[in-house]
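Dear colleague,

I am passing on to you the structure we spoke about, and below it I have set out what was found. Please look through it with the sequence beside you.

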Amino acid sequence: MKTLIKNGTVVDPSSQLHQKLNVLLEGDKVAALTHEEPEADRCIDAAGKIVAPGFIDIHMHEDFVGPDGHLEQDEKKSIFNCMLRMGVTTILGGECGINRYDPMKYLDLVDRDGAPVNVALLVGHAFLREAVGHKDKYSHVTDKELHQMAALCEKALTAGCFGVSYGIRYVPGIDERELMATAQKCVPAHKLLAAHVRDDAAAIFDAGHEFLGVAEKLGLPAQFSHIGSMAAFGQMEEFLQMIEAYRKRNVDVLCDCYPYYAFSTAIGSTTYDPGWLERYHCDYDVIQYCEGKYLGKRGTRETFEEERRDHPEHLTVCYVMKENEVDMALASPLVMVGSDGIMNHGQGHPRAAGTFPRVFREFVRQGKLSLDEAVRKMTAMPAERMGLPHKGTLREGADADVVIFNAETIADRATFEEPTLAGCGIDYVLIGGNIAAKDCHVVNGHLGRALRKY
Ligand SMILES: [Zn+2]
C-alpha cells in the first residue's frame, strides 16, 4: 500500500526540515520526501497543513488491563485513545515507578491485540516492590527482597523494557542501596532511568541530587519527570541551572514537562502527607476532586480528610504551580513535552487528552515557542532519548508514523470537568502507514505495536 501525502509543509526537526514537500509512504515506512507526485494507492491532500512525525509521549501512564485480559476497550475511558486523538503515535509508559500490569505480559498483550498507539514501557520500581510482597511503602526492603527485585528488574529489562522508573515520592522507604541495586541492571544495555523524585518545591534540590547521583555513579541517562509539578513553585530557574551543571559534568540528564499549571495525583498519595499545605503555601481549596461524590468541587478540610480516609485512590487536581515557571521549563532546551497523562476509568487530568495540541495553542500561537521547536520537543527529542532511530523523524526509511495538522487551529478542548474531550485541528494520524485517526476521531485503534529495547 502506497500513500501520498501531498501539498503539505513538512516539519521534521530531526532533519531541520521545514519545507513544502510531498511524502510518500510505502508499507509501514517513509519511502520518499519529494517535489514530484509519485503514483500511490491513496492520496491525502495536506494543502495548508503541517506534516510532522507522529508525536511521542515520553511520560504517560498506560491503560489498565481489564479482568477479561484486554486493554481498556471503552473509547471514552482509554487513555491510549486520548493519546492517538491528539497526534501521539508512540508512548513510554510504566512511569513514576508504576506499572498497571506486569510489563512483560503487557507487551505480549499489545503484540496479540495491537493498541491505539505504539507502546514502550519502563519497569516500575513500585511494581518490583509489590511483586516481592513488600507492602509498606515507608519501610526499607530486606536484603532478600532486594535481591529478588533486582532479579525481576533484570528479567523485565531483558524482555524489552526501556529502563527503570522510580516514584521515590510515593515510596519514601526507598534508599540509595535500593536505587543502586535496581538501577545498575540498566548498565549493560545503557538503558534509561526516570524518576519522580522524592520531594518538590524547596526540597527539589536535595531530591534531585539523590536521583542524579545514582545516574552519575552508574553512568546512565536520567530523565527527570514532570518538572513543572516538581519545581514550578519558585525554584525553576535555579533547578534548571542545577540540571545544566550536571550536564557539564557529563551526566546525560534531560527533563519532561506538561503544559498545565495544576498537577494531579491520588488523594491518598504521599504528596498530601502532613506538611503539604505549608510546602505549597496554600489552603485546601487548591484541590479539585476528579472522582467520587465531590467530583468537580474544590477541597475543604472536611472533604479532604473524608476522601483521604475513605477513597485514597481518587484522583485530584491541585492548582499550585507558577505559570511563568512552567513556561520557563517548556522553553528550556533541556525539556521535552511529556503529558504525565493518567486516567482512572475516564477521570483524571485533562493533560491526558490535551497536552500536545495545547502546546500549539498556548505556547506556539502565543509566541512562547516556535513551531519547529515545539515539534522537536514532541518528536526528535523523545525519540533520541528512547533510542528509537526510526521514530520521531520523516527521513526515508523511517517508520510511517505521521500527524497532519493545521497550525492555526490545532487546539485542546479537554478540561478539568471533561478531561477526555478530544481536541481539534488534527486532520490525520497515521501509524505504520495506515490511518489510525481522522479529524480527532479514532478510525483504527489496533495499529500500535509493542516496542522492545534489548
Ligand atoms: Zn509522577
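Two residues are in contact if their C-beta atoms, placed from the backbone, lie within 7 Å. Please keep in mind throughout that this is a predicted model.

With that meaning of contact, and leaving aside residues up to four places away in sequence, Leu-193 touches Gly-163, Val-164, Ala-183, Cys-186, Val-214, Ala-215, Leu-220, Pro-221 and Ala-222. Leu-193 also belongs to the largest nonpolar core, which holds 148 residues, and within that core Met-83 and Leu-193 are the residues that touch the most other members.

Next come two pairs of packed helices. In general, such a pair is described by the angle between the two axes and the distance between them.

The pair that comes earlier in the numbering is helix α4 (residues 143-158) with helix α5 (residues 176-183), which pack at an angle of about 30° with their axes 8 Å apart. Because angles under 35 degrees count as roughly parallel, α4 and α5 are roughly parallel to each other, and their crossing is right-handed. On the α4 side the contact involves Leu-146, Met-149, Ala-150 and Cys-153, which meet Glu-178, Ala-181 and Thr-182 of α5. Sorted by character, the residues of this contact comprise 5 nonpolar, 1 polar and 1 charged.

The other pair is helix α12 (residues 351-364) with helix α13 (residues 371-378), whose axes lie 11 Å apart and make an angle of about 155°. Since angles over 145 degrees count as roughly antiparallel, α12 and α13 are roughly antiparallel to each other, and α12 passes α13 in a right-handed crossing. Here α12 contributes Phe-356, Val-359, Phe-360, Phe-363 and Val-364 to the contact, while α13 contributes Leu-371, Ala-374 and Met-378. The residues of this contact divide into 8 nonpolar, with no polar and no charged residue among them.

Finally, a few words on a single position in a strand. Thr-265 is found in strand β16, which spans residues 263-266. Is Thr-265 buried or exposed? Thr-265 counts as buried because it has 22 C-beta neighbours inside 10 Å, and the cut-off for a buried residue is 20 or more. Not counting residues up to four places away in sequence, Thr-265 touches Thr-271 and Thr-316. The C-alpha atom of Thr-265 is also separated by 8.9 Å from that of Ile-342, a residue 77 positions away along the chain.

With kind regards

Definitions and conventions. Residues numbered from 1 in each chain as written. Predicted model: local features only at pLDDT ≥ 70, side-chain atom pairs only at ≥ 80, totals over all residues. Helix = DSSP H or I, 4+ residues; strand = E, 2+ residues; numbered from the N terminus. Buried ≥ 20, exposed ≤ 12 C-beta atoms within 10 Å, placed from the backbone. Axes fitted to C-alpha atoms, helices over the stretch in contact; angles between N-to-C directions. Parallel < 35°, antiparallel > 145°, perpendicular 65-115°, else oblique. Left-handed = near helix turned anticlockwise from the far one by under 90°. Nonpolar A, V, L, I, M, F, W, Y, C, P; charged D, E, K, R; others polar. Core = buried A, V, L, I, M, F, W, Y, C linked by C-beta atoms within 7 Å.
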